[in-house]
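Here are some exercises to work through with the model open beside you. Try each task before you read its solution.

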Amino acid sequence: MITVEEALAQVLSLAPMPVPELVPLDQAWGRVLLEPAISRMTQPPFAASAMDGYAIRSCDIGQPLTVIGEAAAGHPYAGPAVAGMAVRILTGAPVPDGYDRVIMQENVLREGDLITITDPAGGNNIRPAGDDFRKGDQFAPGRRLRAADIALLAAMNIPAVTVSARPRIAILAGGDELVSPGTAPDPGQIISSNDLAIAALARQSGGEAQILPIARDTEDSLRAGFAAAKDADLLVTIGGASVGDHDLIGKVAAERGLDLAFHKIAMRPGKPLMAGKLNGKPMLGLPGNPVSAIICGMLFMQPLIAAMQGLDDSRPLLKARLAQDLPAEGNRQHYLRAALQDGDDLPLIRPFPSQDSARLSLMARADALLVRPANDPPRVAGDIVDFMPLSG
Ligand SMILES: Nc1nc2c(c(=O)[nH]1)N[C@H]1C(S)=C(S)[C@@H](COP(=O)(O)OP(=O)(O)OC[C@H]3O[C@@H](n4cnc5c(N)ncnc54)[C@H](O)[C@@H]3O)O[C@H]1N2
Ligand code: MOO
């Protein structure tokens, strides 16, 4: 069995190059910018007032001034600067030529067209042209666009940007016991939940998820499922990855030409994880146990989907102190479902007493996954350990 780190490296190496797509800004939030965006604007395009007040010449301070006109946002004042004169100005308006200061109106006494400056202290309240950015400035690619990024690109007068196309993820759950939520299960049947969780994770990573009809435990049904996924950029199967008589994923994938990278890793839960390339496209075979499927989805599928968009999305590990003693670990890296609480220097982490990989309720309740390396020796309360946060 290969390690989690080796498996992740192999999974990431399956990622094809991101595909560029031009999208209008209004659809660009959360997408990964692939090419630099070049500003078509200088901002502000002119020296602009930062306050509502009066544009004056510094050399006129100390005498009453006459207001000769007004400059408002969108309505510049075009007249020449004249000694002893001031221009009424509003925030965002171009500062008229020849004026070098704006006195905010709170520091001015106005009577008719005459103003007296009551407090000349403070800055010039002028935003110089190009203070924010300049025409030709580059917005660098390589990250997911945030709300402020979209605003900046809009201000740069860039109406559309080149982002990574959303990878299309086909999700194929298989098992004779599985029926969809809302169906009355027959004896021996349960509700299929993994496909929905994996679709949610795929969407969280910027993928376009398609849940295929649940496959039955027959080779023909699985073949039909694989065929239905032929247009997807990534096929993710769930279940049927282990050693049972009905675990047919490996067999059908091999028959369809799977170039297997690995099957089985030193990870708990998640041992039967499978990965490879099928018809030139990546395929992941997730284990069927619900918690195993979700943790493998987070640790392998999400970074793969990110890599397919040109992003490095490795989940950083944080430090916590153990709230209890723990026995020695087995020969697989263990991701234990755990609760977090505030601690003195670091958070306190307490793994749940049950780590059954079928118990979705515990996975849903967990704040974190406590990560223990394979063959970790016994640990005592207070030891510092690694964890991966799950909330937020
Ligand atoms: N003799 C052995 N048995 C098992 C081993 C092993 O090494 N030797 N590994 C165990 C481990 S670890 C896991 S994980 C599971 C994984 O098995 P499969 O990937 O073949 O998954 P299935 O057998 O199809 O299902 C396991 C379990 O999960 C439930 N399931 C499957 N799909 C869904 C779904 N879409 N929604 C909800 N629940 C699902 C299924 O009903 C089973 O209960 O194998 C162990 N066995
Ligand atoms: O590895 Mo299984 O995925 O422990 O439940």
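Two strands pair if DSSP finds at least two bridges between them. Helices (H or I, at least four residues) and strands (E, at least two) are DSSP runs, numbered from the N terminus. This is a predicted model, so to speak of local features we need pLDDT of at least 70, side-chain atom pairs count only at pLDDT 80 or more, and totals for chains, interfaces and linings use all residues. Residues are numbered from 1 along each chain as its sequence is written, while chains are lettered from A and ligands numbered from 1 in the order in which they are written.

**Exercise 1. Find the domains**

Task: list the domains of the protein chain.

Solution. Start with domain 1, which is made of 4-17 + 165-308. Domain 2 also comes in two pieces, 20-43 + 132-164. Then pick out domain 3 (48-127) and domain 4 (318-389). These bounds come from an automatic or database domain assignment. As a last step, take the centres of domain 2 and domain 4 over C-alpha atoms: they are 41 Å apart.

Now bring in the record. UniProt, in an unreviewed entry, puts "domain: MoaB/Mog" at residues 170-307. UniProt positions are given in the numbering used here, feature names are shortened, and annotations may be inferred rather than shown by experiment. That span is 33% helix and 25% strand, with 17 Å between its end C-alpha atoms.

**Exercise 2. Trace the sheet with strand 17**

Task: in what order do the strands of the sheet 16-13-17-21-20-18 meet its edges, and which strands are those edges?

Solution. Six strands make up this open sheet, with mixed pairing, in the order 16-13-17-21-20-18. The edges are strand 16 (208-211) and strand 18 (259-263), each pairing on one side only. From one strand to the next, the twist averages 20°. Angles run from 0 to 180 degrees between N-to-C directions, and axes are lines fitted to C-alpha atoms, for helices over the stretch in contact.

Next, zoom in on a pair. Strand 17 (residues 234-238) and strand 21 (residues 281-286) are parallel and share four bridges; Val 236 has Leu 284 as its bridge partner in strand 21.

Finally, add a helix. Helix 3 lies across strand 13 (168-173), strand 16, strand 17 and strand 21, at about 165° to strand 13. Contact here is between two residues whose C-beta atoms, placed from the backbone, lie within 7 Å.

**Exercise 3. Trace the sheet with strand 9**

Task: which strands are the edges of the sheet ordered 7-4-6-5-9-8?

Solution. This is an open sheet of six strands with mixed pairing, ordered 7-4-6-5-9-8. Its edge strands are strand 7 (101-104) and strand 8 (108-111). The twist here averages 40° from one strand to the next.

Follow strand 9 (residues 114-117) to its partners. With strand 5 (residues 65-71) there are two bridges, antiparallel, and Leu 65 pairs with Ile 115. With strand 8 there are four bridges, again antiparallel, and Val 108 pairs with Ile 117. The hairpin of strand 8 and strand 9 has two residues between the strands, and Gly 112 there has a positive phi near 60°.

**Exercise 4. Look around the ligands**

Task: which residues are closest to ligand 1?

Solution. A residue is near a molecule if its C-beta atom, placed from the backbone, lies within 6 Å of it. Ligand 1 has 26 residues around it, and the closest are Gly 239, Ala 241, Ser 242, Pro 287 and Gly 288. Helix 3 (194-204) and helix 6 (290-308) each give two or more residues to this shell. Sorted by class, the shell has ten nonpolar, twelve polar and four charged residues. (Ala, Val, Leu, Ile, Met, Phe, Trp, Tyr, Cys and Pro count as nonpolar, Asp, Glu, Lys and Arg as charged, and the others, Gly among them, as polar.)

Then turn to ligand 2. The residues around ligand 2 include Arg 268, Pro 269, Lys 271 and Ser 357. Its shell divides into two nonpolar, four polar and two charged residues.

**Exercise 5. Spot the unusual backbone**

Task: where are the cis peptide bonds at Pro 44 and Pro 269?

Solution. Most residues other than glycine have a negative phi, and most peptide bonds are trans. The bond from Gln 43 to Pro 44 is cis, with omega near -10°, and Pro 44 is in the loop between strand 2 (37-38) and strand 3 (48-49). Arg 268 and Pro 269 are also joined by a cis bond, with omega about -5°; Pro 269 sits in the loop between strand 19 (267-268) and strand 20 (274-278).
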